[in-house]
Amino acid sequence: MDFGITLATAADSWKVVQRAEALGFRYAWFYDTQMLNADPFVAMAAAAMQTQSIHLGTGVLVPSNRIAPVTANCLASLNKLAPGRIHFGVATGFTARRAMGLGAVKLHDMAAYIRQVQSLLRCETVEADFDGQSRKIRFLNPELDLINTQDEIPLYISAFGPRSQALTAELGAGWIYSMRNPAQSVDQLHRMQQAWRDAGRVPEDLYTVAQGSGCVLALDETYDSPKAKAQAGPSAIMILHDLVEADSHRPLGYRVPAELQPLLDAYKALYADYEPADARYLQVHRWHLMKLRPEEEPLVTSDLIQNLTFSGTKEALREGIRALRDAGFSQFAAHIRYGQDAMLEEWA
């Protein structure tokens, strides 16, 4: 099994990635959330120059953030700096779009986008729409060696539902899944494996990434300790961020246990008071997946963290990771919370 890290991108994320490489992590995945974090391609370029072997991927890129030829050029440029170490993870978008009051990109639009990027990276001529006009485009001088289109740039899709999992299999892509607990993640893996088989693909060719977010607890540490709240709390409250917007956007599919419904109700009351009333997303996604806002602190209870994050003692986490491995996951990538760099050693 491979091990990686996932980062809320900072311009100087290379410092964390360099340490991760020294600790033995093989992959680093960078968020593409432009209203919250630094640009992933800037951060990946810096990391490429400061590391030797760790693989660098968008985890995950959102198609509407940049046109396909720009994405293809960015990936090929990075591939020149770190040949064979660049990975193209993509999804329909959650944080990057919700933070602007938008819903996810349509699946068929993402599929067309992926095909354009991949065709351009193969130096093919593709048809693309610009300003309502269809135009043929291609890289005009790849032979000048300014970019690298020779080394493969593997594709990954973050896919939660059956349609996106079927697309993942159709395109022969790797699969990224944001896990909450091993049992639920293994159930989703079985669904992805079935979609892969239905597409007529060789089971052993499926590469799967479980992105886990939580806290490594000391033996006597509670789930609501200050460290646990800082490291796991932002991922727990993220589920509430999603659910309070269910009336305006299709939820991701996460649920809170019935016994935790009062916490969701309390968050809905907070949400109702956010200003401006026509853009509450400006507040609900502030510090999203990075830090807890003061009004959120009381809602992040021990039960919320225990139920909605991958947290526990070292041995409990090892047991969970072994379950992921035995079920067929290829990689576990731990989220390293912004400002909590000690998590690197703890997860290692």
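# Exercises on salt bridges, a helix and a loop

Glu221 and Lys227 bring their side chains together in a salt bridge, with 3.5 Å from N to O; the term stands for a side-chain nitrogen of Lys or Arg within 4 Å of a carboxyl oxygen of Asp or Glu. The structure is a predicted model, in which local features need pLDDT of at least 70 and side-chain atom pairs count only at pLDDT 80 or more, while totals for chains, interfaces and linings use all residues. Residues are numbered from 1 along each chain as its sequence is written, and side-chain values use heavy atoms, with hydrogens and water left out.

**Exercise 1.** Decide for Glu221 and for Lys227 whether the residue is buried, partly exposed or exposed.

*Solution.* Begin with the cut-offs: buried means under 20% relative accessible area, exposed means over 50%, and partly exposed lies in between, with a 1.4 Å probe and protein chains only. Glu221 has a relative accessibility of 19%, and therefore counts as buried. Lys227 has a relative accessible area of 26%, so this residue is partly exposed.

**Exercise 2.** Describe the salt bridge between Arg19 and Asp341, and find which parts of the chain the pair links.

*Solution.* Start with the distance, which is 4.0 Å from N to O between the two side chains. Next, place the partners: Arg19 belongs to helix α1, whereas Asp341 sits in the loop between β12 (331-336) and α14 (343-347), so that distant parts of the chain, 322 residues apart, are linked by this pair. Helices (H or I, at least four residues) and strands (E, at least two) are DSSP runs, numbered from the N terminus. Arg19 is partly exposed because its relative accessibility is 33%, and Asp341 is partly exposed as well, at 31%.

**Exercise 3.** Give the closest N and O distance in the salt bridge of Lys136 and Glu127, and classify Lys136 and Glu127 by accessibility.

*Solution.* The closest N and O atoms of Lys136 and Glu127 are 2.9 Å apart. Lys136, with a relative accessible area of 62%, is exposed, while Glu127, at 42%, counts as partly exposed. By the rule used here, the count of salt bridges comes to 21.

**Exercise 4.** Which residues of α2 are buried, and how are they placed around the axis?

*Solution.* First list the buried residues of α2, which are Pro40, Phe41, Ala43, Met44, Ala47 and Ala48. These residues cover an arc of only 155 degrees around the axis, and therefore lie on the same side of α2; the arc is that of the directions from the helix axis to the C-beta atoms. An α-helix has 3.6 residues a turn, so residues three or four places apart point the same way. Then turn to the other side of α2, where Val42 and Met49 are exposed. Finally, look for the cover over the buried residues, which includes α1 (14-23), β2, β3 (55-58), α3 (68-81) and β4 (86-90).

**Exercise 5.** Locate Thr51 and list its contacts.

*Solution.* Thr51 lies in the loop between α2 and β3, and counts as buried because its relative accessibility is 3%. Not counting residues up to four places away in sequence, Thr51 touches Val17, Gln18, Glu21 and Arg85, where contact means heavy atoms within 4.5 Å. A polar contact of 2.9 Å joins the side chains of Thr51 and Arg85; such a contact is a pair of N or O atoms within 3.5 Å, and within protein one must be able to donate a hydrogen and the other to accept it, with residues adjacent in sequence counting only if both atoms are side-chain atoms. A polar atom of the Thr51 side chain also lies 2.7 Å from the backbone oxygen of Ala47.

**Exercise 6.** Place Asp151 in the chain and describe its surroundings.

*Solution.* Asp151 is found in the loop between β6 (133-137) and β7 (155-158), and is partly exposed because its relative accessibility is 34%. Leaving aside neighbours within four places in sequence, Asp151 is in contact with Asn79, Pro83 and Gly84. The side chains of Asp151 and Asn148 are joined by a polar contact of 2.7 Å. As a last step, compare sequence with space: Asp151 and Arg85 are 66 residues apart along the chain, and their C-alpha atoms are separated by 8.8 Å.
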